[in-house]
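Thanks for making time this morning. I would like to talk through one structure with you, starting with its pockets and then turning to its cysteines and the chain as a whole.

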Amino acid sequence: MTTGAEADVAAERLRRWRLVLGGAEADGTGCALGGRDAAMDQALTSLYGKGDNAGAGQNRSAGLEASAPSVARWLGDIRTYFPSSVVQVMQRDAIDRLGLSALLLEPEMLEAVEADVHLVGTLLSLNKAMPETTKETARAVVRKVVEDLEKRLATRTRATLTGALDRSARVNRPRHHDIDWNRTIAANLKNYLPEYRTVVPERLIGYGRASQSVKKEVVLCIDQSGSMAASVVYASVFGAVLASMRSISTRLVVFDTAVVDLTDQLDDPVDVLFGTQLGGGTDINRALAYCQSRITRPADTVVVLISDLYEGGIRDEMLKRVAAMKASGVQFVTLLALSDEGAPAYDREHAAALAALGAPAFACTPDLFPEVMAAAIEKRPLPIPDPV
């Protein structure tokens with residue numbers, strides 16, 4: 001005999017399946033929706049109701065007739081019925097499946113959307129087509145996302161890199177509380193006295209304390225092709241954070257087939273983002289040539305190339321440039337992406353060639369980036385995540 005609790009569980013399971021399957025004749029649930037559930041179902045049907053053909057630009061869903069009023073109502077509905085993380089996914093799908101990018105050029109639309117990194121990337125790709133009446137609203141949307149990212153990332157990044165800078169300035173006559181015991185013991189193992197079960201340290205290795213002068217130089221070299229949109233957003237935020245640290249001199253360079261140095265705008269990452277131009281071709285060799293020309297202290301420099309490595313320039317010259325920088329003492333880091341989404345499609349041949357030069361290419365999340373930079377500053381192995 002079925003209890004009331006079991007019946008409630010079964011009904012809830014049917015309700016969820018009904019929302020997932022969309023209510024077509026073949027869904028098989030026999031479950032009718034009403035009230036809030038019916039409104040949620042309508043919002044989902046408006047976006048996903050025509051199946052996979054919508055992604056190809058055919059038979060688009062009936063509820064979003066590519067008009068500003070209907071889209072505004074739909075944006076309001078999904079914010080009412082779904083959590084923020086789901087809203088962001090649905091907005092992204094609406095832009096991709098239904099071709100709604102043009103509507104983001106209207107201020108009313110921007111005021112209605114749930115802002116996230118992907119929306120910022122879309123706005124940046126539309127920047128050149130954006131009318132003046134929309135630009136102020138678009139900057140406000142981008143600024144909100146950037147400020148939220150800075151709050152999440154800045155404190156940990158500064159703390160991690162400050163520690164790395166202190167540890168990278170090693171001294172041989174340290175004060176007691178500055179002794180690096182692991183390195184001191186490793187350097188004095190030949191002086192181990194088995195009868196006393198101890199090591200007699202002839203040479204102490206310790207941490208120096210980084211002063212306010214510049215200790216390291218960091219060059220962020222960012223591919224601004226369309227597939228790298230999220231990486232451009234995160235890299236701009238990190239660039240601003242690094243530029244705020246007195247012990248690090250930071251340069252930010254973006255490129256497609258041209259190279260643009262945005263270092264003088266690093267005090268405001270929103271200005272940096274609106275100085276980019278997502279899309280276009282790629283000339284990594286040209287970008288690295290520019291970065292190489294700006295390096296004055298190779299042994300104290302970290303170059304971070306953020307790119308999917310689809311090179312439109314001269315491949316062999318690009319690899320020679322990386323090899324030359326590494327030979328001069330530069331720490332070279334290659335990131336296929338700087339985002340939460342893992343590695344995008346990338347040129348595997350170029351990635352393998354860079355790995356052979358000692359510059360393995362890997363995707364990096366924003367949370368891992370401070371650790372990657374700390375390892376590069378200290379000239380120790382990078383914390384490369386395991387491939388999925």
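In the second largest pocket, at least two residues of the lining come from each of helix 4, helix 6, helix 9 and strand 9, the last of these spanning 331-338. I should say straight away that this is a predicted model, and that every value I quote has been computed from it. The volume of this second largest pocket is about 380 Å³, and its lining consists of 25 residues, with Arg92, His118, Ala229, Ala230 and Glu341 lying nearest the centre. If we sort that lining by class, we find ten nonpolar, eleven polar and four charged residues.

Let me now set the largest pocket beside it. Here the volume is about 430 Å³, and the lining is made up of 24 residues, of which Gln88, Ala115, Asp116, Val117 and Val145 are nearest the centre of the pocket. The elements that contribute two or more residues to this lining are helix 4 (84-98), helix 5 (107-112), helix 6 (117-125), helix 7 (132-168) and helix 9 (229-243). Which of the helices gives the most to the lining of the largest pocket? That is helix 7, which supplies eight residues. By class, the lining of the largest pocket has ten nonpolar residues, five polar ones and nine charged ones.

Next, the cysteines. How many disulfides does the structure hold? The count is zero, although one pair of cysteines deserves a careful look. Cys221 takes part in no disulfide, and the nearest cysteine sulfur to it belongs to Cys291, at 3.7 Å. Seen from the other side, the closest cysteine sulfur to that of Cys291 is the one in Cys221, and because the two are 3.7 Å apart, they are too far from each other for a bond. As for their surroundings, Cys221 counts as buried because its relative accessibility is 0%, and Cys291 likewise counts as buried because its relative accessibility is 0%.

Finally, the chain as a whole. It has 14 helices and ten strands, and of its 388 residues, 44% are buried. If we take the contacts between residues at least 6 apart in sequence, 73% of them join residues that are at least 24 apart. The accessible surface of the chain amounts to about 19200 Å², and carbon and sulfur atoms account for 51% of that area.

Notes
Residues numbered from 1 in each chain as written. Predicted model: local features only at pLDDT ≥ 70, side-chain atom pairs only at ≥ 80, totals over all residues. Heavy atoms only, no water. 1 Å grid on protein atoms, 1.4 Å probe; cavity = no way out; pocket = protein on both sides within 12 Å on 5 of 7 lines; lining within 4 Å. Points joined across faces, edges and corners; volume = space filled by probe spheres on them. Helix = DSSP H or I, 4+ residues; strand = E, 2+ residues; numbered from the N terminus. Nonpolar A, V, L, I, M, F, W, Y, C, P; charged D, E, K, R; others polar. Disulfide = S-S within 2.5 Å. Buried < 20%, exposed > 50% of the residue type's maximum accessible area, 1.4 Å probe, protein only. Contact = heavy atoms within 4.5 Å. Areas by Shrake-Rupley, 256 points an atom, 1.4 Å probe, with all protein chains shown as cover.
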